Amino acid sequence: MNGFYIAWRNLITKPLRFFFDILLIAIAAGLITITLLIDIQFKDHFEKNLDDVDLILCAKGSPLQTVLCNLFHIDAPTGNIDLKEARVFLNPEHPIIKAAIPLALGDQFNGYRIVGTTLEYFPWFNLELNSGAYFKKDLDAVIGSAVAKELKLALGSEFLSGHGLVTDGDMTHSHDQQFQVTGILKQTGGVLDRLIFVSISSYWAMHPVEDEEGHPAHTQDIPCIDNRSLKDKEGQITSVLLSFKGTNIQSLNFGRSINENTGMMAANPAIELNRLYELTGSASELVTILAILLTLLATLSLFISIWQAMEERKFEIAVLRLGGASFNKILFWILLEGFILSSIGLLIGIFFAHILLTVLSSSLELQIKYGIEGLVFVKEEFLLFGIGIGLGLVSCLIPAIKVIRRDIHQTLSS
């Protein structure tokens with residue numbers, strides 16, 4: 001008779017016990033899977049989006065807030081800095097700095113953030129056009145693929161930006177001048193797909209600086225679309241992203257020098273992300289500990305279930321042995337029950353963990369903000385499955401050996 005059939009029939013004779021064991025295994029496997037997926041994707045997302053940014057120059061405030069705002073666009077700016085104070089770091093001949101990109105942040109359109117920057121931004125972050133062209137003058141806008149799709153914008157579409165990062169439904173805080181879409185970027189699968197890019201001078205046009213009499217303090221006649229065009233300009237920006245030519249004593253002390261000798265703050269993305277991992281690590285560890293406790297409980301429950309099952313079937317096993325069934329064959333059938341139970345519970349838990357994370361990712365925009373999605377499989381899941389199967393087999397091994405080694409005649413006579 002087929003071993004799988006025998007094992008399956010033995011399991012479903014006690015459906016309540018069978019269901020409870022699978023439920024415990026599935027919950028434990030699901031929690032561990034969700035923890036793995038979130039932890040691995042979270043770290044991969046942030047590390048991938050560093051893109052060689054060694055330092056961020058910005059207004060003094062929270063360094064972590066600065067990194068989240070300027071690199072991942074999930075927080076508010078700490079303030080503005082004066083361009084003339086940061087201009088020296090935009091010099092292409094700087095002895096330490098390999099590349100620098102200015103950013104102006106603080107506006108949005110229907111919740112999609114508008115990033116004022118220069119043309120150097122696009123190759124740095126490997127952004128390519130799907131159609132159209134990059135901005136060439138003020139009020140030209142290059143939009144991410146998600147912005148184009150979700151807001152149904154096309155080349156030539158016009159829109160009004162809103163002041164601040166919170167959507168204003170009645171547009172009472174919208175600007176008067178309209179942006180026009182000149183380019184649509186290829187999809188990247190990350191937060192950059194949800195951004196709108198304009199020139200630095202477009203931001204200044206939206207936020208003119210006035211003198212004491214209410215007149216414009218300066219005018220920007222020539223659009224500032226690249227770093228060179230900022231050479232003699234005046235205005236405020238949010239930050240400057242820096243990449244160093246190499247790692248040496250000067251680059252290592254660069255951030256400290258900025259913090260001590262200027263009115264700006266230097267935030268190191270790598271250091272701040274490590275702090276972020278420490279903050280989120282406690283919650284992750286708590287879930288992991290809970291999952292481990294559930295795993296131990298599921299293993300104990302499976303052990304007790306198999307033990308009880310062996311006690312109930314001791315006469316059946318004795319008859320099988322009396323009929324010529326070998327020790328190894330009976331042991332194989334019993335271990336097969338543990339394998340089937342563990343496999344079903346693990347597969348159900350892993351499957352529903354992916355489904356739940358997919359739903360949460362869509363409703364909470366986890367994929368866009370943190371790079372977390374449900375339809376991703378990591379190699380650690382295979383290790384989880386293997387460990388789960390191993391625990392299931394070990395749970396069956398002790399009660400199986402105990403019942404098989406019983407004296408046949410004593411068992412039947414009792």
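This is a short chat about a helix pair and some salt bridges in a predicted model.

Me: Hi! Let's start with helices α2 and α11. At roughly what angle do their axes cross?
Reply: Happy to help! Helix α2 covers residues 15-48 and helix α11 covers residues 327-364, and their axes cross at roughly 45°. The axes come within 7 Å.

Me: Parallel, perpendicular or oblique, then?
Reply: Oblique. Angles under 35 degrees would count as roughly parallel and 65 to 115 as roughly perpendicular, so roughly 45° puts α2 and α11 in the oblique class.

Me: And is the crossing left-handed or right-handed?
Reply: Right-handed, as α2 passes α11.

Me: Which residues of α2 make the contact?
Reply: On α2 they are F18, D21, I22, I25, A26, A29, G30, T33, I34, L37, I38 and Q41. The α11 side includes L341, S342, I344, G345, L346, I348 and G349, and also I350, A353, H354, L356 and L357.

Me: How many of those are nonpolar, polar or charged?
Reply: The contact of α2 with α11 has 16 nonpolar residues, seven polar ones and one charged one.

Me: Changing topic: how many salt bridges are there?
Reply: The count comes to six.

Me: Let's look at E150. What does E150 form a salt bridge with?
Reply: With R194; the closest N and O atoms are 3.2 Å apart. This pair links distant parts of the chain, with the two positions 44 residues apart in numbering. E150 sits in helix α6 (residues 145-150), while R194 is in the loop between β8 (174-185) and β9 (196-199).

Me: Is R194 buried or exposed?
Reply: Buried, because its relative accessibility is 14% and the cut-off is under 20%. E150 is partly exposed, with a relative accessible area of 43%.

Me: What about E272, which residue does it pair with?
Reply: E272 forms a salt bridge with R275, and the closest N and O atoms are 3.0 Å apart. Both are in helix α9 (residues 269-312), and because they are three residues apart, about one helical turn separates them.

Me: Which accessibility class does each of those two fall in?
Reply: E272 is buried, at 5% relative accessible area. R275 counts as partly exposed, at 46% relative accessibility.

Me: Last one: what does K137 meet in a salt bridge?
Reply: The side chain of D140, at 3.1 Å from N to O. K137 counts as partly exposed at 46% relative accessibility, whereas D140 is buried with a relative accessible area of 4%.

Notes: Residues numbered from 1 in each chain as written. Predicted model: local features only at pLDDT ≥ 70, side-chain atom pairs only at ≥ 80, totals over all residues. Heavy atoms only, no water. Axes fitted to C-alpha atoms, helices over the stretch in contact; angles between N-to-C directions. Helix = DSSP H or I, 4+ residues; strand = E, 2+ residues; numbered from the N terminus. Parallel < 35°, antiparallel > 145°, perpendicular 65-115°, else oblique. Left-handed = near helix turned anticlockwise from the far one by under 90°. Contact = heavy atoms within 4.5 Å. Nonpolar A, V, L, I, M, F, W, Y, C, P; charged D, E, K, R; others polar. Salt bridge = Lys/Arg side-chain N within 4 Å of Asp/Glu carboxyl O. Buried < 20%, exposed > 50% of the residue type's maximum accessible area, 1.4 Å probe, protein only.
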